[in-house]
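Biologist: Hello! I am new to this structure and would love a friendly tour. Could you show it to me first?

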Amino acid sequence: MNHSPKPPRSFFERGTLGVARALIGMHLVHDDGRSRRAGRIVETEAYLGPRDLAAHSARGRTPRTEVMFGPAGHAYVYFIYGFWNCLNVVTGRAGVPHAVLLRALEPLGGLTERTWGPGLLCRALHIDRGLNGADLLGNRLWLEYPRTPVPAVRIARATRIGVDYAGEWALRPWRFYDRESPFVSTAPAGRRPRAPAAVEMLENIAPRSQAAR
């Protein structure tokens, strides 16, 4: 199967805030060998550890955060609240633990579940910790440019979500999103498409908090 062009490694090695903004509008694809699921990225958050107290890497280099210290362009997948997986893109130069959390997707293909929120995004794309450390330029989980030219995205920025504990770092405007997309996690519920009934039932019993950091 032919793929759309993937970005070069240097795309991820730039400043993390620039990467977080540039990811808006790009496509995230997961091919597990049976199904191919894809979505357009519409919301991201940047984390600039170890000084950034909202970042996992503020706690130092641990088995959990090891992938964040490695080369850029790899996946950092972590598990929270006993229920949600969350996907981050490792950025910057090796040894500097920066990453960008992917918060929301606009479905493109193979997706029938909700995708507005980092945990929902991973569940819809069947992303779990088995993909931690995956090369995002590989053939299982990857990022690619849109196949055809699209209108310029109107990008807004705001403070990150669920990081009030981080003091002054919680005030950084390091969340970027497509201001026109109804799939952004903070978009009014009335703008969003309805999910299938089975998904509605699961949402009613799933933990509500999806703060990722």
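Modeller: Gladly! A good place to begin is a salt bridge between the side chains of R9 and D135, at 2.9 Å from N to O. Please keep in mind that this is a predicted model.

Biologist: How many residues apart are R9 and D135, the pair that links distant parts of the chain?

Modeller: R9 sits in helix α1, residues 9-12. D135 lies in the loop between α3 (118-125) and β6 (141-144). The salt bridge therefore links distant parts of the chain, and R9 is partly exposed with a relative accessible area of 29%. The separation of the two residues is 126 residues.

Biologist: Are R40 and D178, which also meet in a salt bridge, buried or exposed?

Modeller: Their side chains come to 2.8 Å, N to O, with R40 in strand β2 (residues 36-48) and D178 in strand β8 (residues 175-178), 138 residues apart. The cut-off for a buried residue is under 20% relative accessible area. R40 has 15% and D178 has 6%, so R40 and D178 both count as buried.

Biologist: And what about E66 and R61, which form a salt bridge: which one counts as exposed?

Modeller: The closest N and O atoms of E66 and R61 are 2.8 Å apart. E66 has 37% relative accessibility, so E66 counts as partly exposed. To count as exposed, a residue needs over 50%. At 52%, the one that counts as exposed is R61.

Biologist: How many salt bridges does the structure hold?

Modeller: Some are linked: E43, E45, R103 and R175 form a network of salt bridges. For the structure, the number of salt bridges is 13.

Biologist: Let us turn to the strands. How many bridges join β2 to β5?

Modeller: These two strands run antiparallel. As one example of their pairing, G39 stands opposite P107 in β5. The number of bridges that join β2 to β5 is ten.

Biologist: Which residue takes a positive phi in the hairpin of β4 and β5?

Modeller: Strand β4 (residues 84-91) runs antiparallel to β5, with four bridges joining them, and N88 stands opposite L101 in β5. The hairpin has six residues between the strands. The residue with a positive phi, near 75 degrees, is G92.

Biologist: Which strand gives the largest share of the largest nonpolar core?

Modeller: In soluble globular proteins, nonpolar side chains tend to be buried together. Here the largest nonpolar core has 61 residues, and L23, L28, L87, I127 and L143 touch the most other members. Leaving aside neighbours within four places in sequence, L23 is in contact with residues including F11, I41, V89 and L143. The largest share of the core, six residues, comes from strand β5 (residues 98-109).

Biologist: Is H27 buried or exposed?

Modeller: H27 has its place in strand β1 (residues 27-31). Beyond its neighbours within four places in sequence, H27 is in contact with G39, R40, L108, W142, L143, E144, Y145 and P146. Its relative accessibility is 13%, so H27 counts as buried.

Biologist: Where is the pLDDT below 50?

Modeller: The protein chain averages a pLDDT of 89, and 89% of the residues score at least 70. One stretch falls below 50, although it has 50 contacts in the model beyond near neighbours in sequence. That stretch is residues 196-213.

Note on methods:
Residues numbered from 1 in each chain as written. Predicted model: local features only at pLDDT ≥ 70, side-chain atom pairs only at ≥ 80, totals over all residues. Heavy atoms only, no water. pLDDT = per-residue confidence, 0-100. Contact = heavy atoms within 4.5 Å. Core = buried A, V, L, I, M, F, W, Y, C linked by side-chain atoms within 4.5 Å. Buried < 20%, exposed > 50% of the residue type's maximum accessible area, 1.4 Å probe, protein only. Salt bridge = Lys/Arg side-chain N within 4 Å of Asp/Glu carboxyl O. Pairing = 2+ DSSP bridges.
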